[in-house]
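Here is a short report for a reader who is new to this structure. Start with the sequence and the model shown below.

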Amino acid sequence: MVTISLCMIVRDEELALERCLLTIHDMVDEINIIDTGSMDRTKEIARKYTDNIYDFGWIDDFAAARNFAFQTATKDYILWLDADDTIEEGDRIRFKLLKQVLTTAVDRVTMPYNLGFDHAGNVTSSLRRNRLVRRDCQFQWIGPVHEYLNAWGPVLDSDVCITHKKEKTYTDRNLQIYQKRQKAGEEFSIRDLYYYANELRDHRMDTEAVVYYDKMLKSGQGWIEDNIQACLKMSECYQRLANKELQFHSLTRALLYERPRPDVSCALGAYFFEEKQYETAIYWYRQATEVTQPATMGMVNNATSTWFPNLQLCLCYDRLGQYEAAYTYNETALRYNPTHPSLLYNRDYFKDVRKLGGTS
């Protein structure tokens, strides 16, 4: 059986670290905790699980910290986690099976990273990441912010999921790092342009954000997943800026990169719904339900191909006075998301007001 080093970078994670380590400590052969300047009980908690605790002076560079963490590993493979990640019980079982069958013929193992959940705990958004890599391949992390593991070679796409449970309050730390790099005259990579635009957008600096999305897209060098998301996010910025022409242009720009995916179709449907062009909105929402989500390492929002477009189709048909069709789409949405309060409210509405559905 292969051996695994868990390598983590942490700072002030006393609220989350133990929860993470409880779900993984008995499945790895080494735990290395790299602390970048904690002022709380993080190290004390870490010592319950390992003596391998290292200090790394913070230099506004996540890749540098992660590369240092990887250098401390001594086992066959390196697993990385953040303090607010966990491995749920079903995935613990799958992880143990993976460890039994994994051989050093595999250089990297990808795992779904579950990031968003609905009120019932169902996964709504996830992406795949290189999560477990062979130590002797010496893969490196790249990027001071929103760093990525530059791994290649024989791959195993695992069904072991890592679950993200964010605890810390959102801050402007990443934005400040980008602005500091910008002031220093550093030339941004294509990936930097995209993630800097995301930080600007998240802080409602929409006028600046669209400039960097546009720079990234005009380079012609962006990853297709980032290109599509840049178009969608740029459209949101223009919506907040009350520029409908550029909002729509940004949405249609996404069609340059691939056939319309469910998230793009839903965004186009939403645009026409707001314009009260319900027939056109129906076309795009139906498109979202008919196109299969692509297999990708990028972000996937499961809601955009399941319950959400069906809910929107319900609303469109209701506005058109076609109540039986509206009821049918709401019931379809409920099959995907049976406890969603809006869908249950709609069911009662159709039953009590439109006399549809009987006692269902």
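Leaving aside neighbours within four places in sequence, G37 is in contact with R11 and D12. This is a predicted model. G37 sits in the loop between strand 2 (30–35) and helix 2 (42–46). D12 sits in the loop between strand 1 (4–10) and helix 1 (17–22). Along the chain, G37 and D12 are 25 residues apart, yet their C-alpha atoms are separated by 7.6 Å.

How exposed is G37? Its relative accessible area is 31%, so G37 is partly exposed, because the class runs from 20% to 50%. D12 is partly exposed too, with a relative accessible area of 29%.

**Positive phi values**

Most residues other than glycine have a negative phi. D12 departs from this pattern, with a positive phi near 50°. K355 also has a positive phi, of about 55°, although it is not a glycine. K355 lies in the segment after helix 14. At a relative accessible area of 65%, K355 is exposed. K276 follows helix 10, and its phi is positive as well, near 65°.

**Single residues and their exposure**

The table gathers residues with their places and relative accessible areas.

| Residue | Place | Relative accessible area |
|---|---|---|
| D12 | loop between strand 1 and helix 1 | 29%, partly exposed |
| G37 | loop between strand 2 and helix 2 | 31%, partly exposed |
| Y213 | helix 7 (206–218) | 0%, buried |
| H340 | loop between helix 13 and helix 14 | 13%, buried |
| K355 | segment after helix 14 | 65%, exposed |

**The nonpolar cores**

In soluble globular proteins, nonpolar side chains tend to be buried together. The largest nonpolar core here has 64 residues. Which of them touch the most other members? They are F70, V133, L149, Y196, Y213, Y285 and C316. Helix 8 gives the most to this core, with seven residues. Apart from this core lies another, of 32 residues. Among its members are A46, L81, V160 and I162.

Take V133 from the largest core. Not counting residues up to four places away in sequence, V133 touches F70, D76, Y77, I78, D107, R108, F139, L149 and A151.

Y213 is another of the residues that touch the most other core members. Y213 lies in helix 7 (residues 206–218). Its relative accessibility is 0%, so Y213 counts as buried. What does Y213 contact, leaving aside its neighbours within four places in sequence? The answer is Y194, A197, N198, R201, A230, K233, M234 and C237. Y213 and L241 are 28 residues apart in sequence and 15 Å apart in space, C-alpha to C-alpha.

**Helix 10**

Helix 10 covers residues 262–274. At 1.5 Å a residue, its 13 residues should span 18 Å. Its end C-alpha atoms are 18 Å apart, so the span agrees.

Helix 10 is mostly covered, with 10 of its 13 residues buried. These are P262, D263, V264, S265, C266, L268, G269, Y271, F272 and F273. What covers them? The cover includes helix 8 (224–240), helix 9 (244–253), helix 11 and helix 12.

**Helix 13 and its partners**

Helix 13 (residues 323–336) has 14 residues. From first C-alpha to last, helix 13 reaches 20 Å, close to the 20 Å expected at 1.5 Å a residue. Its buried residues are A326, Y327, Y329, N330, E331, T332, A333 and L334. They pack against helix 11 (278–290), helix 12 (307–319) and helix 14 (341–352).

How do helix 13 and helix 14 meet? They pack at an angle of about 145°, with their axes 10 Å apart. Helix 13 passes helix 14 in a left-handed crossing. On the side of helix 13, the contact is made by Y323, A326, Y327, N330, E331, A333 and L334. Helix 14 brings L343, L344, N346, R347, Y349 and F350. By class, this contact has nine nonpolar, two polar and two charged residues.

H340 lies in the loop between helix 13 and helix 14. Is H340 buried or exposed? At 13% relative accessibility, H340 counts as buried, because the cut-off is under 20%. Leaving aside neighbours within four places in sequence, H340 is in contact with H119 and W307.

How values were computed:
Residues are numbered from 1 along each chain as its sequence is written. This is a predicted model: local features need pLDDT of at least 70, side-chain atom pairs count only at pLDDT 80 or more; totals for chains, interfaces and linings use all residues. Side-chain values use heavy atoms; hydrogens and water are left out. Helices (H or I, at least four residues) and strands (E, at least two) are DSSP runs, numbered from the N terminus. The expected span of a helix is 1.5 Å times one less than its number of residues. Buried means under 20% relative accessible area, exposed over 50%, partly exposed in between (1.4 Å probe, protein chains only). Contact means heavy atoms within 4.5 Å. Axes are lines fitted to C-alpha atoms, for helices over the stretch in contact, and angles run from 0 to 180 degrees between N-to-C directions. A crossing is left-handed if the near helix is turned anticlockwise from the far one by less than a right angle, and right-handed if clockwise. Ala, Val, Leu, Ile, Met, Phe, Trp, Tyr, Cys and Pro count as nonpolar, Asp, Glu, Lys and Arg as charged, and the others, Gly among them, as polar. A nonpolar core is a set of buried Ala, Val, Leu, Ile, Met, Phe, Trp, Tyr and Cys residues joined through side-chain atoms within 4.5 Å.
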